[in-house]
Amino acid sequence: MLRARNHYFYFCVIIFMKVSPEEFLRLSQTTPVVDVRSPEEFSRGNIPGSVNLPLFDNVERHEIGLLYKQKSKEDAVERGLEVVAPKLADFVRKAKSLSADKHILVYCWRGGMRSQSFAWLMNTAGLKPLVLEGGYKKFRNYVLNFFSTPFNLLRLGGETGSGKTALLRKLAEKGEQVLDLEKLANHKGSAFGSIHESPQLPQQQFEHLVFKKINTFNSSGVIWVEDEAMAIGWNKIPIQLWKQMKAAPLIKLNIPFERRVCRLVADYSTTDTALLRAPLIKIGKKLGGQNLKAALEYLEQGRLKEVAEIALTYYDEAYRHDIKKHETKNIVTLDCGELSEDNILTELIKKSQNQNV
């Protein structure tokens with residue numbers, strides 16, 4: 001009886017060892033994070049940097065959930081104990097391997113039975129667990145609300161082939177705060193955007209990476225961001241952030257057409273023509289039948305310059321339409337002409353420091 005009471009006492013103590021999402025994220029910078037949800041839940045979205053040690057696999061979670069709904073909580077708990085019991089020692093070994101100082105952060109869906117039970121086990125095994133209050137659900141709400149925070153955004157725009165992404169990454173190298181959404185989305189934003197990129201992440205995970213990146217910035221400083229459509233491949237920019245982007249000042253690069261063509265040819269010169277064929281067909285209706293036919297013939301002949309020229313006629317028109325649709329009062333045009341990349345960077349930094357931008 002005394003042993004049972006001691007276990008009950010430990011469990012009660014763990015219940016109150018909860019931290020807010022803000023504190024949880026702060027601690028996660030130096031403390032390992034364990035997600036005890038099922039692999040399926042984890043794959044849809046998780047707190048960046050967390051390790052999945054699921055109490056139940058996907059089939060077990062489904063089974064226990066049905067018992068809870070169709071029979072009773074008691075039946076579900078009893079079955080859960082049967083499933084988890086053989087895994088306890090392995091949970092402890094894995095958790096100890098993650099934490100050198102025995103501190104560990106734990107979360108489940110709502111901060112309820114799964115994370116509390118896991119925390120109780122960790123405490124019993126000599127670790128020092130903290131549980132995320134409200135679980136992953138509360139973290140998600142925290143992230144989505146975060147995007148309503150006013151940010152000091154500055155957009156970099158320009159037609160396709162202007163080298164915006166390369167310039168943003170050079171700005172980051174110079175110490176500027178850059179939110180590279182295309183890098184986080186593993187996509188360049190156009191019909192050709194998946195070429196040479198890793199597979200895209202689930203939407204929730206993309207949002208979490210955006211949140212994590214912005215959280216590293218000085219809130220009073222300028223945050224550079226490319227002038228994007230809301231969708232980057234299948235990932236979508238969080239609506240509250242995207243609204244702020246469209247209202248933010250815009251520096252529009254004016255790069256000569258031929259220079260943009262040369263950049264595209266250089267970017268795709270080593271790409272298998274088969275990878276370029278599908279995106280061309282995808283935008284075929286916009287190009288027009290004759291232009292698509294010509295572009296595909298040029299592609300087969302390896303004449304990428306002509307392919308790029310045809311593609312740019314479509315993308316330039318789409319960009320002009322988007323500028324009109326999301327008219328921004330504060331637009332500054334930077335005529336680049338034959339300016340070198342370094343000179344363009346210098347001009348961009350000067351303009352970002354201008355209080356009127």
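Colleague: What volume does the second largest pocket have?

Modeller: Happy to start there, and keep in mind that this is a predicted model. Rolling a probe the size of a water molecule over the atoms shows where empty space is left. For the second largest pocket, the volume comes to about 1,200 Å³.

Colleague: Which helix gives the most to the lining of the second largest pocket?

Modeller: Several helices take part: H4 (58–70), H5 (73–84), H6 (88–98) and H7 (113–124) each supply at least two residues of that lining. Seven residues of the lining come from the helix that gives the most, and that helix is H4.

Colleague: Which residues lie nearest the centre of the second largest pocket?

Modeller: The lining is made up of 30 residues. By class, 19 of the lining residues are nonpolar, five are polar and six are charged. Those nearest the centre are Phe56, Ile64, Val77, Met113 and Arg114.

Colleague: Now for two of those helices. Is H6 roughly parallel or roughly perpendicular to H7?

Modeller: Two packed helices are described by the angle between their axes and the distance between the axes. Here the axes of H6 and H7 are 10 Å apart, and the packing angle is about 70°. Because of that angle, H6 counts as roughly perpendicular to H7.

Colleague: How many nonpolar residues are in the contact of H6 with H7?

Modeller: From H6 come Leu88, Phe91, Val92 and Ala95, and they meet Phe118, Leu121 and Met122 in H7. The contact has no polar and no charged residues, and its nonpolar residues number seven.

Colleague: Let's turn to the sheets. Which strands are the edge strands of the open sheet with the order S1-S5-S4-S2-S3?

Modeller: This open sheet has five strands, and their pairing is parallel. An edge strand pairs on one side only, which here picks out S1 (18–19) and S3 (51–52).

Colleague: Which residue in S5 stands opposite Val19?

Modeller: S1 and S5 (residues 128–132) run parallel and are joined by two bridges. Opposite Val19, in S5, stands Leu132.

Colleague: At what angle does H7 run to S5?

Modeller: H7 lies across S1, S2 (33–35), S4 (103–107) and S5. Relative to S5, H7 runs at about 170°.

Colleague: In the open sheet with the order S7-S8-S6-S11-S12, what is the average twist from one strand to the next?

Modeller: Five strands form this open sheet, with parallel pairing. Its edge strands are S7 (177–179) and S12 (331–335). From one strand to the next, the twist averages 25°.

Colleague: Which residue in S8 stands opposite Leu179?

Modeller: S7 pairs with S8 (residues 223–226) in the parallel sense, over three bridges. The residue in S8 opposite Leu179 is Val225.

Colleague: Which helix lies across S6, S8, S11 and S12?

Modeller: The strands S6 (153–158), S8, S11 (250–254) and S12 are crossed by a helix of residues 341–352. That helix runs at about 160° to S12, and its name is H18.

Colleague: How far apart in space are Asn52 and Val225?

Modeller: Asn52 is found in S3, where it touches Asp35, Arg37, Ser38, Pro39 and Phe42, leaving aside residues up to four places away in sequence. Val225 belongs to S8. In sequence the two are 173 residues apart, and in space their C-alpha to C-alpha distance is 32 Å.

Key. Residues numbered from 1 in each chain as written. Predicted model: local features only at pLDDT ≥ 70, side-chain atom pairs only at ≥ 80, totals over all residues. Heavy atoms only, no water. 1 Å grid on protein atoms, 1.4 Å probe; cavity = no way out; pocket = protein on both sides within 12 Å on 5 of 7 lines; lining within 4 Å. Points joined across faces, edges and corners; volume = space filled by probe spheres on them. Helix = DSSP H or I, 4+ residues; strand = E, 2+ residues; numbered from the N terminus. Nonpolar A, V, L, I, M, F, W, Y, C, P; charged D, E, K, R; others polar. Axes fitted to C-alpha atoms, helices over the stretch in contact; angles between N-to-C directions. Parallel < 35°, antiparallel > 145°, perpendicular 65-115°, else oblique. Contact = heavy atoms within 4.5 Å. Pairing = 2+ DSSP bridges.
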